[in-house]
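Work through the following exercises with the model open beside you, and try each task before you read its solution.

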Amino acid sequence: MLAKAFLLLLLCLAGWLVAMPRAISQPVVSDTAFFTGNQKKIKIPFKLAHNLIVIPVKVNGSRPLNFILDSGVNSTLITQLDFSDTLSLNNSSTITVKGLGQGYELEAIVSRGNSLQLSGIEGVNQEVYVLLEDIFNLSTRMGMPIHGIIGYDIFKNFIVKINYNTRMLTLYRPDTKLRVNSKCEQYQLHIEDSKAYVYANVQQYNGDSLQVKLVVDTGASHSLSLYLPTNQKLKLPPKVMEAYLGRGLSGDVHGKIGRLDGISLGRYQFQDLPASYPDEEAIKVALNVANRNGNLGSDILKRFTVIFDYPHNRMYLMPNRKYRTPFTYNISGFELSTPMPGVNVYVVANVADNSVAAQAGIKAGDQLLSVNGQDCKDMDLNKVLRLLDRQPGQMLRLTLRRNLEEPYKVTLTLASRI
């Protein structure tokens, strides 16, 4: 899917946060989250963009802020606040943080003793990190204002059901005895250091079948990421392309994308899917952690109704109507951003070398005006991306504008690079 590359690893990388405190004098207080009423379950509609779940969250009684629900992140993270946002944080200290990526450390504020509110739910004594620099630019990439990322604080306290078809999040009390559909398959979750892991088998081009331990990551928009240095039997596919995989707390993450022969999750199997292989230098902080071999992203998870049951160390998967949808990746070779999130204006953020977009002369900064005759100003980002999401051999007729010049038209014949 177009523009998926930027978010490929971004949010799972955000979870690998190492803090180096300058002055933290407040004691750590156990947090908790609970239903504010007597309900047995609470339903929360969510928005879906780039395969990522966006839910409204209030912080210390603020107006509702848009947070990405990320099972791969262990700390609530505020990535951006608008000038109009007023947010009172408790017990704050400045720290230096680092994570995945090649680049630099950055400053953040860690705040303890906060309250988080969702519809019918409150979390107390919550620890929140606030980045002093908006390094992720999530709002421009998602096409809507994005203020932060939340994960473990939700998953550890409730049984969480994600219905990607209806875009509905259902939270149950942890002692609920769920009745699951007979089509559901149960998996053991291994909860380590606030992250949930599952075992799967990958089938490689050379015929090898290999068991891998993967972080289950709703905050990664891709299908699968594999860390080559973690197992000498993991091999690159014979045909790969260099790719910008995403952004970590410590900088950009580069690597390769290639087609994996298959992956098996119990009785569910997928063949011929794109997998990313990040460069070793960019993932140093994740290597040798919990013996993990990579992560399982939402381009696979969205093909199921998923039930996360952290309190009982299990997960359920039930196929939905997208189960057999072919896997795609950015074969057009360019990414989009929205300079004014919420306004239907789309600009080319990046053009991959040797892609059909580069060969057609498209450049970063060009404004996309129409796709196959449909005016972009009449479409939100998700609809634009669906129009651009085509198979090899299909054609895209695009109208763009560079600077203030007259619009120009190009026709792309899409071709697979892997």
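A residue is called buried under 20% relative accessible area, exposed over 50%, and partly exposed in between, using a 1.4 Å probe and protein chains only. The model is predicted, so local features need pLDDT of at least 70 and side-chain atom pairs count only at pLDDT 80 or more, while totals for chains, interfaces and linings use all residues. Residues are numbered from 1 along each chain as its sequence is written, and side-chain values use heavy atoms, with hydrogens and water left out.

**Exercise 1. Describe the chain as a whole.**

Begin with the secondary structure, where helices (H or I, at least four residues) and strands (E, at least two) are DSSP runs numbered from the N terminus. The chain comes to 7 helices and 31 strands. Next, turn to burial: 55% of the 418 residues of the chain count as buried. Finally, consider contacts, meaning heavy atoms within 4.5 Å. Of the contacts in the chain with a separation of 6 or more, 68% are between residues 24 or more positions apart.

**Exercise 2. Find the residues that touch the most other members of the largest nonpolar core.**

Recall that a nonpolar core is a set of buried Ala, Val, Leu, Ile, Met, Phe, Trp, Tyr and Cys residues joined through side-chain atoms within 4.5 Å. The largest one has 60 residues, and Ile263 and Phe308 touch the most other members. Strand S22 (residues 268–278) gives the most to this core, with 5 residues. Apart from this core lies another, of 32 residues, which includes Leu245, Ile362, Leu381 and Ile418. Return now to Ile263: leaving aside its neighbours within four places in sequence, its contacts include Tyr268, Phe270 and Leu273, as well as Leu296 and Ile300.

**Exercise 3. Decide how the rings of Phe270 and Phe327 are arranged, and whereabouts in the chain they lie.**

A pair of aromatic rings is described by the distance of the centres and the angle of the planes. Rings of Phe, Tyr and Trp (its six-membered ring) pair if their centres lie within 6.5 Å, and planes under 30 degrees apart count as stacked, over 60 as edge-to-face and the rest as tilted. The structure holds 12 aromatic pairs. In the pair of Phe270 and Phe327, the centres are 5.5 Å apart and the planes make 85 degrees, an edge-to-face arrangement. This pair links distant parts of the chain, with Phe270 in strand S22 and Phe327, 57 residues apart from it, in the loop between strand S25 (314–319) and strand S26 (334–337). Phe270 is buried, because its relative accessible area is 4%, and Phe327 is buried at 8%. Both rings belong to one aromatic cluster with Tyr268, Phe304 and Tyr323.

**Exercise 4. Which residue lies over the face of Phe327?**

Apply the criterion that a charge sits over a ring if NZ of Lys or CZ of Arg is within 6 Å of the ring centre and within 35 degrees of the ring normal. Arg303 lies over the face of Phe327, at 3.6 Å from the ring centre. In another case, the charged end of Lys213 sits over the ring of Tyr197, 4.9 Å from its centre.

**Exercise 5. Examine the phi angles of Asn137 and Asp272.**

Most residues other than glycine have a negative phi. Asn137, although not a glycine, has a positive phi of about 50 degrees, and Asn137 lies in the loop between strand S11 (121–131) and helix H3 (138–142). Asp272 also has a positive phi, near 50 degrees, but is located in strand S22. As a last step, classify their accessibility: Asn137 is partly exposed at 37%, and Asp272 is partly exposed at 45%.
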